[in-house]
Structure formats: structure tokens, C-alpha cells
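This report covers one protein model, starting from a single residue and its contacts and going on to a pocket, a helix, two loops and the overall figures.

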Amino acid sequence: MCYKNFKKLKSDLDLSVIREELATTPFWVDMSMRASVKKTQVNTHRIQLRTNAQVPGKTYFDIHQTVDLDAWHALISVRKFVETFVAEVGGAVGHVRVANLLPGSDITPHIDIGEYCAVRDRYHLVINSDQGTEFVVEDETVVMLENELWWFDNKKMHSVRNLGEKPRTHLVFDVLPQPMLHFIEK
């Protein structure tokens with residue numbers, strides 16, 4: 001099927017090494033416990049591997065510089081997957097996180113805003129999802145299944161629902177495409 005807001009890039013991936021690595025890592029954070037958590041993230045646990053640098057005078061959503069966190073160096077198979085994919089498509093790695101969405105939970109409709117998101121592509125690698133993860137972007141709906149890699153347009157209104165009875169785990173990462181590299185200050 002042809003979509004305008006989604007593209008399945010890979011399927012039938014062997015993610016066993018990534019699953020094993022994530023099962024034993026101490027980096028998980030319960031987002032519901034954070035005072036500053038956005039409503040869209042309240043039903044998630046997360047491992048942040050790369051995030052925005054701190055830049056005086058800039059808001060989080062408008063910072064292009066990203067930095068490695070401890071988890072980026074510790075989660076070797078996750079990092080290798082992202083780096084290999086980015087080498088295939090060209091560009092630069094941006095934010096990287098692993099997110100668990102609790103069973104039957106939603107990520108409420110929202111648009112990823114700011115200068116940062118405006119020029120980057122968003123990818124989801126489905127690591128665990130016993131019944132699939134439903135994504136809605138505008139008038140299109142897809143169910144992402146385990147062992148698939150997807151691109152989707154996060155610059156439009158979108159929402160997510162874990163259809164399963166277990167937490168769903170996605171590796172979510174952003175790529176600044178090669179043609180945009182020279183526009184962004186390092």
C-alpha cells in the first residue's frame with residue numbers, strides 16, 4: 001500500500017541482540033515520575049541516548065546541536081543500528097531514544113514543532129510490539145509490527161496507540177538529511 005505520511009523501509013529484521021541489550025540496561029526512566037513530562041509522554045518509559053545541546057537564548061525545540069549521553073556509548077547494538085542506517089541514507093544523527101509505551105496506552109495527538117523537527121526525518125524501529133502499534137497521521141493509519149523500520153511525517157498531527165498487552169518498545173531516531181547539512185551551523 002502507498003502512503004503519503006508513512007513508509008515501511010525494512011521488515012523481518014533480526015533484533016535479538018538489541019532486545020537482549022535493552023532487557024539488561026539500567027538506563028530506563030519512568031516518564032510519569034518527571035514533574036516536567038508532557039502529557040504525550042506520561043505513559044512511557046524512556047532511554048535517551050542523544051539529545052539537544054544546551055544553547056543560551058534558544059528553546060529546546062529550536063536547537064540543532066545534539067550531544068551523546070551515557071546510554072549512547074553503553075548501548076552498543078542500538079548505536080550500531082542507528083549509525084549503520086544513517087551511513088546508508090546519508091546525513092547526520094540527531095535525537096535518539098528508546099521508548100516503551102505501556103499496554104493499551106496512547107500518545108495523544110500532537111505535532112513535533114520547532115526548527116529542529118522542521119528539517120529532520122523521524123524513524124521508528126519496532127523492537128517489541130506483541131499486537132502492533134497503531135500510528136495515525138492525519139487521515140492515514142498504519143499498524144507497525146515487530147522487526148520493522150518505518151519513516152513517518154512527525155511534522156503533521158499524529159498519535160500512537162499500543163494495541164498490545166505488553167509494553168511496546170520502539171527505537172526512535174532523527175536524521176538530518178545530507179542536503180540539509182550545509183544549512184545547519186555546527
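## F81 and its contacts

Apart from neighbours within four places in sequence, F81 touches L13, I18, L125, L149, L171 and F173. The model is a predicted one. F81 belongs to helix α3. Its relative accessible area is 16%, and the cut-off for a buried residue is under 20%, so F81 counts as buried.

One of these contacts, L125, lies 44 residues from F81 along the chain, and the C-alpha atoms of F81 and L125 are 9.7 Å apart.

## The second largest pocket

F81 is also among the residues that line the second largest pocket. The others in that lining are L13, D14, L15, S16, V17, I18, S77 and K80. Two elements, α1 (16-23) and α3 (76-89), each give two or more residues to this lining.

The volume of the second largest pocket is about 180 Å³. Sorted by class, its lining has five nonpolar residues, two polar ones and two charged ones. Two of the lining residues, L13 and I18, are also in contact with F81.

## Helix α1

Which residues of α1 are buried? They are I18, E21 and L22. Viewed down the axis of α1, these buried residues fall within an arc of 95°, so they line one face of the helix. On the other side of α1, the exposed residues are E20 and A23.

The cover over the buried residues of α1 includes the helices α2 (70-74) and α3. It also includes the strands β3 (44-52), β5 (92-101), β7 (121-128) and β12 (168-176). I18 thus appears in two settings: it is a buried residue of α1, and it is part of the lining of the second largest pocket.

## The loop before α1

D12 is found in the loop between β1 (6-10) and α1. Is D12 buried or exposed? With a relative accessible area of 72%, against a cut-off of over 50% for exposed residues, D12 is exposed.

The phi angle of D12 is near 60°, a positive value in a residue other than glycine. Most residues other than glycine have a negative phi.

## The loop between β9 and β10

N147 and E148 both lie in the loop that joins β9 (140-144) and β10 (149-152). N147 has a phi near 70°, which is again positive in a residue other than glycine.

E148 has a relative accessible area of 7% and is buried. Leaving out neighbours within four places in sequence, what is E148 in contact with? Its contacts are K8, K10, S11, L13, H124, L125, V126 and V143. Among them, L13 and L125 are also contacts of F81. L13 is in addition one of the residues lining the second largest pocket.

## The protein as a whole

The secondary structure consists of four helices and twelve strands. Of the 186 residues in the protein, 47% are buried. The protein exposes about 9600 Å², and carbon and sulfur atoms supply 55% of this area.

Among contacts with a separation of 6 or more, 74% are between residues 24 or more positions apart. The pair F81 and L125, in contact and 44 residues apart along the chain, is an example of such a contact.

Note on methods. Residues numbered from 1 in each chain as written. Predicted model: local features only at pLDDT ≥ 70, side-chain atom pairs only at ≥ 80, totals over all residues. Heavy atoms only, no water. 1 Å grid on protein atoms, 1.4 Å probe; cavity = no way out; pocket = protein on both sides within 12 Å on 5 of 7 lines; lining within 4 Å. Points joined across faces, edges and corners; volume = space filled by probe spheres on them. Nonpolar A, V, L, I, M, F, W, Y, C, P; charged D, E, K, R; others polar. Buried < 20%, exposed > 50% of the residue type's maximum accessible area, 1.4 Å probe, protein only. Arc of directions from axis to C-beta. Contact = heavy atoms within 4.5 Å. Areas by Shrake-Rupley, 256 points an atom, 1.4 Å probe, with all protein chains shown as cover.
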